[in-house]
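Work through the exercises below with the sequence and the 3D view open. Try each task before reading its solution.

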Amino acid sequence: MSRKALKDIKRVVIKVGTSTLTKSSGKLNEEKIKRIVASIASLADEGFEVALVTSGAVGAGMGELNINERPKTLNEKQALASVGQVALIHLYQILFWAHGKTIAQLLLTRGDFSDRNRYLNARNVCGTLLSKNIIPIINENDPVVSDELKVGDNDTLSALVSGLIDADLLIILSDIDGLYDKNPNVHKDAKFIKLVEDINEDIKNMAQGEGSKFGTGGMITKIIAAQMATKIGTNLIIVNGENPENIIRAVKGEEIGTLFLRQDKKISSRKYWLGYGTSKKGTIIIDEGAAKALKNGKSLLSVGIKGISGEFERGQIVEILNSKDELIAKGISNYSSSEIMLIKGRKSEEIEEILGHKYDDDVVHIDNLLLV
Ligand code: ADP
């Protein structure tokens with residue numbers, strides 16, 4: 001029944017994780033990759049527009065340099081990833097050629113999402129490639145980014161890419177059939193979950209704990225990806241990548257894996273970028289009344305602000321925390337951190353008198369704010 005929601009699918013993002021792409025030695029599983037490529041090519045032949053988000057650069061590097069141990073230091077890992085990325089994309093190119101398909105490579109970092117111009121540029125490039133039936137193959141540009149400038153894991157990257165290209169469906173291939181109510185590798189009585197319509201705390205609690213040996217995310221990053229993707233109108237299905245033909249089954253609406261149904265009220269592409277693409281410059285802490293007002297679709301006023309941390313200018317991105325220090329929203333601040341220090345807890349009518357100027361009644365306007 002719920003899979004009927006998939007009948008109008010046109011644009012699909014496929015995310016393949018390290019545990020699917022590599023053997024237990026850590027090196028690439030070429031046989032598996034061949035089947036993944038065959039499945040994607042057959043979707044493209046049927047008129048679907050497909051983008052691939054792929055890990056595996058380190059594994060490919062290990063194969064190239066004949067290394068058996070995954071390196072421990074960041075430098076070594078980044079060097080290996082830069083060798084491996086070439087080998088990985090070369091492998092994809094040869095395999096896709098065999099199906100008459102052209103690929104393109106995009107190596108993105110957090111900065112490509114947070115900078116609005118770069119974001120729009122990447123969006124246009126992907127749109128152009130897809131319209132020419134070229135398959136964009138995307139990975140994080142690991143060799144050049146430090147930890148704080150990273151998206152960090154390819155589950156999150158795939159959700160960002162889904163927003164970037166307005167995908168209808170994101171398929172995450174994992175080493176497991178989908179989401180269970182607890183980690184089945186630890187609890188033998190874990191129950192399988194076919195459909196998630198609301199990603200609440202219960203769902204997040206199910207996904208705690210470590211992932212596989214080489215994967216970076218585990219189930220929790222997939223749930224976060226689902227929370228993001230379903231907001232922008234992308235359905236997300238987690239399926240077992242052991243059998244790459246599951247990609248086709250999922251697209252065709254077979255009851256396979258765990259489906260996270262997209263939300264009816266899709267947020268705008270700009271709000272998605274604001275909420276998930278951008279990096280924060282500072283933090284605003286608000287009281288319970290203001291938290292309630294934001295949840296009811298109101299803008300943030302100075303009177304509800306308890307404090308700030310970090311320094312930011314007017315027009316920069318802030319995270320908004322409630323009094324329990326929980327992140328509830330992200331937005332663009334109309335006032336700088338030093339101005340907010342002076343007007344916090346005060347009424348909007350007092351702003352002009354306190355600062356000698358007033359830009360706006362709202363510190364963060366609802367149009368520039370996303371509840372997360
Ligand atoms: P990938 O490398 O494909 O991204 P990961 O290994 O990072 O995959 O994540 C999948 C792993 O998450 C599973 O093999 C399992 O060990 C773990 N996990 C934790 N909680 C759950 C859960 N509730 N349901 C399913 N898997 C879970």
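**Exercise 1.** How many bridges join strand β9 to strand β12, and do the two run parallel or antiparallel?

*Solution.* Keep in mind that the model is predicted. Start with the residue ranges: β9 covers residues 282–286 and β12 covers residues 317–321. The two strands are joined by 4 bridges and run parallel. Now find a facing pair: Ile 284 stands opposite Ile 320 in β12.

Next, place the pair in its sheet. The sheet is open, has 5 strands and follows the order β11-β9-β12-β13-β15, with mixed pairing. Its edges are β11 (305–309) and β15 (369–371), each pairing on one side only. On average, neighbouring strands of this sheet are turned by 25° against each other, direction ignored.

**Exercise 2.** Give the strand order of the open sheet of 8 strands, then find which helices lie across its strands.

*Solution.* The order reads β3-β4-β2-β1-β5-β7-β8-β6, and the pairing is mixed. At the edges are β3 (103–108) and β6 (195–196), each paired on one side only.

Zoom in on β2 (residues 49–54) and β4 (residues 135–140). They pair in the parallel sense over 2 bridges. Val 53 stands opposite Ile 138 in β4.

Then add the helices. Helix α2 (residues 30–45) lies across β1 (11–16), β2, β4 and β5 (169–174). Its direction is at about 155° to β2. Helix α9 (residues 219–231) lies across β1, β5, β7 (235–240) and β8 (258–260). Helix α9 runs at about 155° to β7.

**Exercise 3.** Describe the contact between domain 1 and domain 2.

*Solution.* Set the bounds: the domain assignment gives domain 1 as 2–271 and domain 2 as 280–371. Their centres, taken over C-alpha atoms, are 35 Å apart. Domain 1 brings 4 residues to the contact and domain 2 brings 7.

Turn to area. About 400 Å² is buried between the domains, with 43% of it from carbon and sulfur atoms. On the domain 1 side, Lys 231, Arg 270 and Lys 271 lose the most area to domain 2. Together they make up 89% of what that side buries.

**Exercise 4.** Which residues do ring pairs link into a cluster, and which charged ends sit over rings?

*Solution.* Count first: there are 6 aromatic pairs, with ring centres within 6.5 Å. Ring pairs link Phe 113, Tyr 119 and Trp 273 into a cluster.

Now add charge. The charged end of Arg 116 sits over the ring of Trp 273, 4.7 Å from its centre. Arg 314 places its charged end over the ring of Tyr 359, 3.8 Å from the ring centre.

Technical notes
Residues are numbered from 1 along each chain as its sequence is written. This is a predicted model: local features need pLDDT of at least 70, side-chain atom pairs count only at pLDDT 80 or more; totals for chains, interfaces and linings use all residues. Side-chain values use heavy atoms; hydrogens and water are left out. Rings of Phe, Tyr and Trp (its six-membered ring) pair if their centres lie within 6.5 Å; planes under 30 degrees apart count as stacked, over 60 as edge-to-face and the rest as tilted. A charge sits over a ring if NZ of Lys or CZ of Arg is within 6 Å of the ring centre and within 35 degrees of the ring normal. Two strands pair if DSSP finds at least two bridges between them. Axes are lines fitted to C-alpha atoms, for helices over the stretch in contact, and angles run from 0 to 180 degrees between N-to-C directions. Domain bounds come from an automatic or database domain assignment. Contact means heavy atoms within 4.5 Å. Buried area is the accessible area (1.4 Å probe) that two parts lose on being put together, summed over both.
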